[in-house]
Amino acid sequence: MTGQSHAPTEEQSGEPADGQPGAAAQPSGTGGRSRRSFLTYLVAAPTLALVTRAGADVLAPQPAHAVIPTLPAPADLVDLGDLFILAGAPTSALLALVVEADGTIRFRLPREEVGQGLTTAVAMLVAEELDAPLDGVRIELDDARPELLFNQLTGSSNSIRSLYGPVRQCAATARARLVAAAAVRWGLAASSLTTANGAVRAPDGRTAGYGSLAAAAADPALIVLGATPKQAAKHTLVGRPTARIDARAMVTGAQRYTLDLDVPGAKPCVVRRPPTLGGSVRSVANLAAVKAMPGVLHVVTIATGVAVVAETFGQALDAKAALQVTWGPGPADQLSDAQVRTKLRAATAPLLVPPLLTAYVDAEFDFAFVSHAPMETNSAVADVREDSAEIWSGLKSPIVARETIAADLGLPLDKVTVHVVQAGGSFGRRLFFDAALEAARVSKACRRPVRLMWTRVDDTRHGRMRPATHHKIRATHLLGEVLSFEHRVAAAETDFRHGLGEIITATAASLPLGIGNATLAQTLFLTTIKSPYHFGLTTQVLTEVPTGVPTGSWRSVYSANTRGAEEIVVDELAAATGRDPYQFRRTFLKTAAQRAVLDKVATEGGWGRAMPAGCAQGIAFHEEYKSRTACLVEIDTRDPEHVRVTKAVIAVDVGLPVNPRGLEAQMIGGLTDAISTTLKAGLHLDKGLPLEGSYSQFHWAKQRDTPRDVRVFVLPATGTEPGGAGELGLPAAVGAIANAYGRATGTKPRSFPLDFDVDFTPYPR
């Protein structure tokens with residue numbers, strides 16, 4: 001590893017949004033820095049060895065437990081997170097860390113914080129390596145940086161996996177330079193000095209705060225012998241449950257989101273959208289009358305509808321409602337749920353293993369379209385001038401957003417600045433930048449800054465959805481052994497035009513034969529979906545069907561439905577072979593690490609305890625992104641109108657946990673998503689538009705729907721690097737809830753959500 005130090009420029013600097021210690025700042029595009037500070041860059045080696053090691057681990061002999069072994073799946077050899085790491089390795093060096101004259105440490109994070117706790121985990125890594133107080137670390141979200149290429153996309157549970165080594169090395173480099181500067185000042189050997197609490201200490205008791213050493217540490221002539229990150233055994237902060245650094249700001253309303261930013265002259269803007277998905281504007285009958293309404297400043301037609309800019313959001317909403325628009329057709333105008341299911345069933349690939357001489361379990365499943373439904377709807381602020389543009393929005397793929405907006409506006413790329421703002425939720429939604437592009441178009445047409453907001457109804461109806469899927473599974477068994485396990489998935493086509501395609505293309509040549517030649521969707525499916533069980537001949541195949549419906553990656557992408565359905569079939573296999581669901585899984589799981597999390601939930605959850613009629617336990621397992629989890633739930637179905645999960649026990653092993661408290665939150669979030677989409681939350685597509693338009697209609701789990709008794713057990717470190725966690729907690733919970741429901745009701749769950757009635761009056765189109 002090599003490092004360089006430079007004095008920071010104003011362009012490379014930024015102030016915290018709210019002035020609170022440790023708070024993630026919103027980039028403002030302006031700022032100034034004292035010359036008594038330094039900026040470190042780090043060059044990290046490519047991580048191809050990680051993939052080689054992962055494959056070797058999987059291929060190593062495993063105890064067979066008298067089962068028929070299953071060959072490693074592609075995702076066992078290289079997963080989607082590995083692709084991210086490989087693609088980002090050439091630019092993983094470009095991390096910026098600043099130590100101010102007052103001792104404040106600033107780190108520019110080239111990822112998006114959407115509530116997953118990433119800024120806290122990264123602050124912990126920085127504070128750990130620098131031996132600095134956590135409340136002295138500021139994490140600032142970086143603007144779109146095209147030089148990062150594939151290294152600024154937030155998704156696939158990859159941020160901590162890809163940043164863990166580079167961030168630690170960057171901070172260790174900074175610590176080494178500070179120690180070297182103190183050694184020169186005192187005329188002592190650097191090896192005799194120690195660091196603690198944001199200061200360098202000499203053997204005789206002298207101390208020097210990092211701020212007082214910042215200028216000297218920035219001297220290019222300073223000789224530094226090298227920097228090595230701490231061993232995990234010496235961590236004093238990483239691995240300890242730690243509260244979020246932005247928690248106070250969020251609960252007090254001090255946290256600044258996109259629509260809170262004070263951009264001079266930016267006026268409120270909303271868009272009247274078509275009555276069907278993707279419809280176009282033909283004409284506006286009352287344009288002059290709407291322009292004359294109180295407070296209305298502009299009414300302009302854009303590709304996605306008619307935009308109204310006004311003095312207040314209330315005035316903009318009133319004008320939007322008054323518009324009389326004639327609409328052109330969209331790509332899915334007549335499409336409804338029944339047609340989608342018919343298309344998917346027809347497209348499902350055939351099963352290969354005929355159940356001729358063996359017993360078998362067959363099952364088919366349907367999963368509805370689902371909204372991302374983040375608390376913060378789509379929003380953006382844009383200031384487009386004749387020769388430049390500046391955009392603010394919550395973006396998980398800011399480089400692609402910048403490139404797309406620049407091309408759409410006809411501006412050179414270097415004339416477009418895109419600021420990444422902390423967002424109030426995403427679940428995959430903010431991989432796309434619809435609001436930012438719309439705001440830029442409206443600002444250009446109006447020649448003034450605008451503050452664009454999607455309404456809740458628009459966000460639910462016109463936002464991107466998790467694709468509907470159909471699943472066909474067949475498992476054959478004989479004498480208590482599983483001989484084959486086939487899974488065929490047909491899904492509404494998922495849109496990946498947010499940068500993921502470029503990452504996969506860039507790394508395709510490095511992939512094992514068969515994966516590198518697959519299509520984009522197939523590659524993503526093959527690098528995320530795998531069975532953790534020795535089930536003999538195991539195959540999983542995806543077929544995608546174009547529908548014209550706007551789709552996007554939703555938390556856990558293919559795994560939530562695919563692995564959720566498989567865990568239901570595992571329960572039914574256990575029943576068919578006369579085995580207990582927990583013991584059956586334990587027998588067929590491939591590794592001791594997998595069995596450890598399963599054993600933990602079975603023990604802590606009291607698996608097998610007697611329960612009243614109409615109540616039952618369910619259990620399931622999932623492994624993905626070098627991490628594994630098991631979930632045990634208890635369900636009460638005695639009131640059919642209000643089926644409730646009453647208890648959940650979750651165990652999770654991520655290899656090396658950075659912030660166990662953050663992992664607990666991720667697992668509880670996955671559980672809540674699973675409760676919602678398994679029991680009640682889905683979108684009814686009716687003649688080209690979802691019927692649901694708000695939280696009162698899209699039945700996401702409320703507080704009364706969530707269990708009071710939830711326990712999450714984060715296993716101690718079992719590896720030297722962290723695995724992924726953001727999407728891990730959903731699939732096992734889907735399977736556990738469905739299995740508990742099936743046992744409690746004596747049914748076989750097949751269509752999700754289970755309670756999918758239209759029990760509301762839809763909003764007008």
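# Reading a sheet and its helices

Student: How many residues does the protein have, and what share of them is buried?

Tutor: In this predicted model, buried residues account for 60% of the 765 residues in the protein. The protein has 20 helices and 30 strands. Of the contacts between residues at least 6 apart in sequence, 80% link residues at least 24 apart.

Student: Which residue could serve as an example of burial, and where is its place?

Tutor: Please consider L163, which belongs to helix α5 (residues 159-186). A residue counts as buried when its relative accessible area is under 20%. L163 has a value of 3%, so it is buried. Leaving aside residues up to four places away in sequence, L163 touches L95, L109, R111, V122 and R168. Of these, R111 is 52 residues from L163 in sequence, while their C-alpha atoms are 9.6 Å apart in space.

Student: How should one read a sheet, and what is the order of the strands in the open sheet of 7 strands?

Tutor: One reads the strands from one edge to the other. Here the order is β11-β12-β9-β19-β16-β17-β18, and the pairing is mixed. At the edges are β11 (296-302) and β18 (416-420); each has a single partner strand, so one side of each lacks a neighbour in the sheet. On average, neighbouring strands are turned by 20° against each other, direction ignored.

Student: What does mixed pairing look like around β19, for instance where β16 meets β19?

Tutor: Strand β16 (residues 379-384) and strand β19 (residues 450-453) run antiparallel and are joined by 4 bridges. Strands β9 and β19, by contrast, run parallel, with 3 bridges between them. Individual residues show the arrangement as well. A382 has V450 of β19 as its bridge partner. R451 in β19 stands opposite V381, and P268 also stands opposite R451.

Student: How do side chains point along a strand?

Tutor: In a regular strand, side chains alternate between the two faces of the sheet.

Student: Which strands does helix α12 lie across?

Tutor: Helix α12 (residues 434-446) lies across β9, β11, β12, β16, β17 (389-393) and β19, and runs at about 35° to β16.

Student: How does one describe two helices that pack, such as α11 and α12?

Tutor: One gives the angle, the distance between the axes, the handedness and the residues in contact. Helix α11 (residues 398-409) packs with α12 at an angle of about 25°, and their axes are 10 Å apart. Angles under 35 degrees count as roughly parallel, and α11 is therefore roughly parallel to α12. Their crossing is right-handed. The contact involves I405, D408 and L409 of α11, together with A436, L437, A440, R441 and K444 of α12. These residues divide into 5 nonpolar, no polar and 3 charged.

Student: At what angle do the axes of α17 and α18 cross?

Tutor: The axes of helix α17 (residues 581-588) and helix α18 (residues 592-604) cross at roughly 165° and come within 10 Å. Angles over 145 degrees count as roughly antiparallel, and this is therefore how α17 and α18 are related. The crossing of α17 and α18 is left-handed. Y582, R585 and R586 of α17 meet R595, L598, D599 and A602 of α18. The residues of this contact comprise 3 nonpolar, no polar and 4 charged.

Note on methods:
Residues numbered from 1 in each chain as written. Predicted model: local features only at pLDDT ≥ 70, side-chain atom pairs only at ≥ 80, totals over all residues. Heavy atoms only, no water. Pairing = 2+ DSSP bridges. Axes fitted to C-alpha atoms, helices over the stretch in contact; angles between N-to-C directions. Contact = heavy atoms within 4.5 Å. Parallel < 35°, antiparallel > 145°, perpendicular 65-115°, else oblique. Left-handed = near helix turned anticlockwise from the far one by under 90°. Nonpolar A, V, L, I, M, F, W, Y, C, P; charged D, E, K, R; others polar. Buried < 20%, exposed > 50% of the residue type's maximum accessible area, 1.4 Å probe, protein only.
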